[in-house]
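Dear colleague,

Please find below the structure that I am handing over to you. I would be grateful if you could look through it alongside the notes that come after it.

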Amino acid sequence: MKAARLRQQLKPWMLPISMVCGVVFHGYIHHIAFLTPYLIFVMLLITFCRIDPRHIRVDGLSARLLCVQLFVALGLYLALREVNPVLAQGAFICVFCPTATAAPVVTGMLGGSVPRLVSYSLISNVTVAVTAPLAFTMMGSGDVGFLSTAGTIGAKVAPLILLPLVVAIAMRRVTPKAHRMLSEHQGISFYVWAVSLLIVVGNSVSFIMKEPSDAAWTIIWLALLSGATCVFQFITGRLIGRMMGDKISGAQGLGQKNTVLAIWMAMTYLNPLSSVAPAAYVAWQNTINSWQLYRHQRKIDAGSETEPTESSKR
């Protein structure tokens, strides 16, 4: 009982601990960086095992979130490109980037609809795979081929998003006992995600430290702009979600981003310095997630403390 209580109290602090460890030990992270896709696969497989495929559908929430993801990203780029092209690309990629593969995990922990979030995550990632080549060509990367880029991005997205879902559905039919075991141990996915976060933060810190000193002010502005877009997306997603009856899924769907994919896209097809924005987004979004998990856990604790006893009900 005490061990379970300790885990519940420690959980809201796991994300900050992971980020701090990533910063402190960034010089050694490259030795375990290859584990990231495998960790994400395991994490999502456990999460998807709690989902009934019949509940996955496209609804008004997904459509509204997708409009914000695409049109706000384009608007920010057009508004900032004359001021500073690197800042414009950084802001664009922070909004355009699809929903994080870990978003369903946090959504479930906060009490949101996991199937609803999974539905939007799939739509978000597929849309990015289709529209990214056009967006990068618009930004001046004329050598980017539509089919090759869509195929490359799709090859990165599909194993992380679609394959765990397919395996979970297959397990439901072929090995129902193993499927039920995973569905009953959802807490494991959170700790797998914490290790993944440590690796991503460590790699991001290593990249930023290799940048020349004359880029310091650009890096600072990219980090601040990243924070502004992060807060904007969480708030906007929450407002849209409230209108559609699920503020948690709305906030996580729009605010929690696949920063690993975003950093790769920025370094590959945009000015590599613009990747600082999604790298900083890692810290911003997980700070918000930590705060949300902390508040959620406090509400649970307060509810259990104030729950009336049988004698008080009489």
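The notes below go from the overall fold to individual residues.

Please keep in mind throughout that this is a predicted model.

Overall fold

The protein has 14 helices and 0 strands. Of its 314 residues, 50% count as buried. Among contacts with a separation of 6 or more, 82% are between residues 24 or more positions apart. The accessible surface comes to about 15300 Å², and carbon and sulfur atoms account for 68% of that area.

Nonpolar cores

In soluble globular proteins, nonpolar side chains tend to be buried together. Here, the largest nonpolar core contains 38 residues, and M43, F48, F190 and W193 are those with the most contacts inside it. Two or more residues of this core come from each of α1 (2-24), α2 (36-48), α5 (103-110), α6 (114-138), α7 (146-174), α9 (187-209) and α13 (276-306). Helix α9 gives the largest share, with 10 residues.

M43 may serve as a starting point for viewing this core. Leaving aside residues up to four places away in sequence, M43 touches T101, A102, V105, S189, V192 and W193. A second core, separate from the one above, has 20 residues; F96, A135, W264 and A266 are among them.

The salt bridge

Side chains of opposite charge can pair when their charged atoms come close. The structure holds 1 salt bridge. It is formed by R116 and D59, whose closest N and O atoms are 2.7 Å apart. R116 belongs to helix α6, whereas D59 sits in the loop between α2 and α3 (60-80), so the pair ties together parts that are 57 residues apart in sequence.

Are the two partners buried or exposed? R116 has a relative accessibility of 18% and therefore counts as buried, the cut-off being under 20%. D59, with a relative accessible area of 16%, is buried by that cut-off.

Q69 and its surroundings

Q69 is located in helix α3. Its relative accessibility is 0%, so Q69 counts as buried. Which side chain does the side chain of Q69 meet in a polar contact? The partner is the side chain of Y120, at 2.7 Å. Apart from residues up to four places away in sequence, Q69 touches V95, F96, C97, P98, Y120, S124, V128, L254 and K257. Of these neighbours, F96 is also included in the second core, and L254 is one of the buried residues of α11.

Helix α11

Helix α11 spans residues 247-255 and is mostly covered, with 8 of its 9 residues buried. The buried residues are I248, S249, G250, A251, Q252, G253, L254 and G255.

A nonpolar patch on the surface

Finally, I draw your attention to the outside of the protein. V20, V23, V24, F25 and Y28 make a nonpolar surface patch of about 520 Å². Y28 is found in the loop between α1 and α2. Its relative accessible area is 59%, and because the cut-off for exposed is over 50%, Y28 counts as exposed.

In viewing the model, you may wish to begin with the salt bridge between R116 and D59, then turn to Q69 and its polar contact with Y120, and end with the surface patch that includes Y28.

With kind regards

Note on methods: Residues numbered from 1 in each chain as written. Predicted model: local features only at pLDDT ≥ 70, side-chain atom pairs only at ≥ 80, totals over all residues. Heavy atoms only, no water. Core = buried A, V, L, I, M, F, W, Y, C linked by side-chain atoms within 4.5 Å. Buried < 20%, exposed > 50% of the residue type's maximum accessible area, 1.4 Å probe, protein only. Helix = DSSP H or I, 4+ residues; strand = E, 2+ residues; numbered from the N terminus. Contact = heavy atoms within 4.5 Å. Patch = residues over 30% accessible without salt bridge, like charges linked within 9 Å, V, L, I, M, F, W, Y side chains within 5 Å. Areas by Shrake-Rupley, 256 points an atom, 1.4 Å probe, with all protein chains shown as cover. Salt bridge = Lys/Arg side-chain N within 4 Å of Asp/Glu carboxyl O. Polar contact = N/O pair within 3.5 Å; in protein donor to acceptor, adjacent residues only side chain to side chain.
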